[in-house]
Amino acid sequence: MGNFGAGVFKHLTQNRALLRERLGYEMSIGKIAVRDLGRDRGVDVPPQLLTTNWRELLDDSSTQIIVELMGQKEESLELILGAIERKKIVVTGNKALLAEHGKEIFESAFAHKVPVFFEAAVGGGIPIIKSIREAFIANHIQSVHGIVNGTSNYILTRMTEAGLGFKEALAEAQAAGYAEADPALDVNGGDAAHKAIILASLAYGFWVPPEKVFVEGIENISASDICFARQFGYRIKLLAILKANEGEIEVRVHPTLIPESHVLASVNGVFNAMAVKGDVVGESLFYGRGAGQDATSSAVISDIVEAADALQSPRRNLGFMPHGLYGTCKPIDQIVSEYYLRLTVDDRPGVIAQVAGILGALNIGISSILQPEAAEGEIVSLVLMIHRATNSQMTAALAQMEALECVKKQPRMIRVEHFS
Ligand code: HSE
């Protein structure tokens, strides 16, 4: 019972009558594991429910559902696998653990025929897991574009709207309580990658190996990138992108220029949103609070109820439905995108010709160019919007540009998404 456990306890207690009316039965809490018996958690917990030994929960034969909200690695995995072996249904929000050990957890879940539910792992209170797994069961999921990390979205929003620096905006986000214990995971794309892996695994029926996912964070996004992007009519968002084509999938997380007219461009602050495209349903959009005690509790309680229902009738859906239609992830080098490129160059004759020559020789097209006016001989930004090219074409172009004498700093490249 940390922050999320306290929220689940609070709302299970406050909405007890509503749940009883809806479900036709009452759930009771058997035991609660805590690290510190004396800590005030803002909820009134009967002291006899508390233990400092989480293994006691596994050994209690009357407990049918274990809710794992420890957010640890080794201990959480031991608790989850131990619960499955003892035929106790698991509810967890542990996204990092699922991303890294989802395959192992579900192999055990299938071997023991025990469900594992994890609605809180992605999108906080947004019911994206149940939607992809159940509501969209009729669909091949063609794509998902998600803003799935509230902290980085908050930072980018504050940089865009208030002109804050990166560090100042991060400090504000941390003060609001959304950042991970290790804030590096929020800004380096790691947290969004965990969520992308979970969504991709649900959508495509196999646990995507983390090493197949391309991940880039927002640490190097500068105020000038945000400003230039706006001049071209784009906003910068950290997107988790999933796409499928003929059995092959793309899973990637990176800062992305998106047209300011797209609905995801208006998702600001700590809010999360996912645009899902299925071959039957078409396009749909999810929006809400992706973190925080209350929103997360809403997702956890929905899983507890699903677990309670599963106790009453055995089911094939154990929380993850594997299938064999997909299975390979496209390497990042082969992934095609459009790009924003910002070079820092000498303002003198022939510079644009050299840069354009490199791109032309690699068969990479330029769709737009912007260079703010400066005095001759000064160092200026040269910003190029690039037509569709593979990542490997762009890597080759960047290496050649960096070697030019007129290019003064490492070029900055940001992918562009048009959702078409
Ligand atoms: N640190 C995460 C975020 C919390 O900022 O979205 C929710 O997983």
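A nonpolar core is a set of buried Ala, Val, Leu, Ile, Met, Phe, Trp, Tyr and Cys residues joined through side-chain atoms within 4.5 Å. Keep that in mind as you turn this predicted model around in your viewer.

**Stop one: the domains.** Start by colouring the protein by domain: domain 1 covers 3-117 + 293-312, domain 2 covers 128-289 and domain 3 covers 332-416. Now look at domain 1 and domain 3 together; their centres, taken over C-alpha atoms, lie 51 Å apart.

**Stop two: the cores.** Next, select I105 and I128. In the largest nonpolar core, which has 95 residues, these two touch the most other members. Helix 10 (residues 190-204) makes the biggest contribution to this core, with ten residues. Zoom in on I105 and show its surroundings: leaving out residues up to four places away in sequence, I105 touches L77, I80, L81, I84, L97, L98 and V116. Then move on to V351, I358, M394 and L398, which are among the 22 residues of a second, separate core.

**Stop three: a three-stranded sheet.** Switch to cartoon view and find strands 3, 4 and 5. They form an open sheet in the order 3-4-5, with parallel pairing. Strand 3 (65-68) and strand 5 (116-117) are the edge strands, each pairing on one side only. Select strand 4 (residues 89-92) beside strand 5: these two are joined in the parallel sense over two bridges. To see a bridge up close, pick V91, whose partner in strand 5 is F117. Now add helix 4 (residues 74-85), which packs on the sheet and touches strand 3, strand 4 and strand 5. The direction of helix 4 makes about 165 degrees with that of strand 3.

**Stop four: a lysine in a loop.** From helix 4, follow the chain into the loop that leads to strand 4, and there you will find K88. Is K88 buried or exposed? Its relative accessibility is 4%, so K88 counts as buried. Show what is in contact with K88: beyond its neighbours within four places in sequence, the list is L57, L58, D60, S61, T63, Q64, I66, A83 and V114. Try a distance label from K88 to V114: the two are 26 residues apart along the chain, yet their C-alpha atoms are separated by 7.0 Å.

**Stop five: an enclosed helix.** Jump to helix 6 (residues 128-135). Six of its eight residues are buried, so helix 6 is largely enclosed by the rest of the structure. Select I128, I129, K130, S131, I132 and R133 to see the buried ones. I128 is a residue you have already met, as one of the two that touch the most other members of the largest core. What covers the buried residues of helix 6? The cover includes strand 5, strand 6 (141-147), helix 10, strand 10 (271-278), strand 11 (282-289) and helix 12 (293-312).

**Stop six: two crossing helices.** Finally, display helix 7 (residues 150-161) with helix 11 (residues 223-231). Their axes are 10 Å apart and the helices pack at an angle of about 70 degrees. Helix 7 and helix 11 are therefore roughly perpendicular to each other. At the contact, L156, M159 and T160 from helix 7 meet A223, I226 and R230 from helix 11. End the tour on T160, which is buried with a relative accessible area of 15%. Apart from residues up to four places away in sequence, T160 touches I226, R230 and R235.

Technical notes:
Residues numbered from 1 in each chain as written. Predicted model: local features only at pLDDT ≥ 70, side-chain atom pairs only at ≥ 80, totals over all residues. Heavy atoms only, no water. Buried < 20%, exposed > 50% of the residue type's maximum accessible area, 1.4 Å probe, protein only. Helix = DSSP H or I, 4+ residues; strand = E, 2+ residues; numbered from the N terminus. Contact = heavy atoms within 4.5 Å. Pairing = 2+ DSSP bridges. Axes fitted to C-alpha atoms, helices over the stretch in contact; angles between N-to-C directions. Domains from an automatic or database assignment. Parallel < 35°, antiparallel > 145°, perpendicular 65-115°, else oblique.
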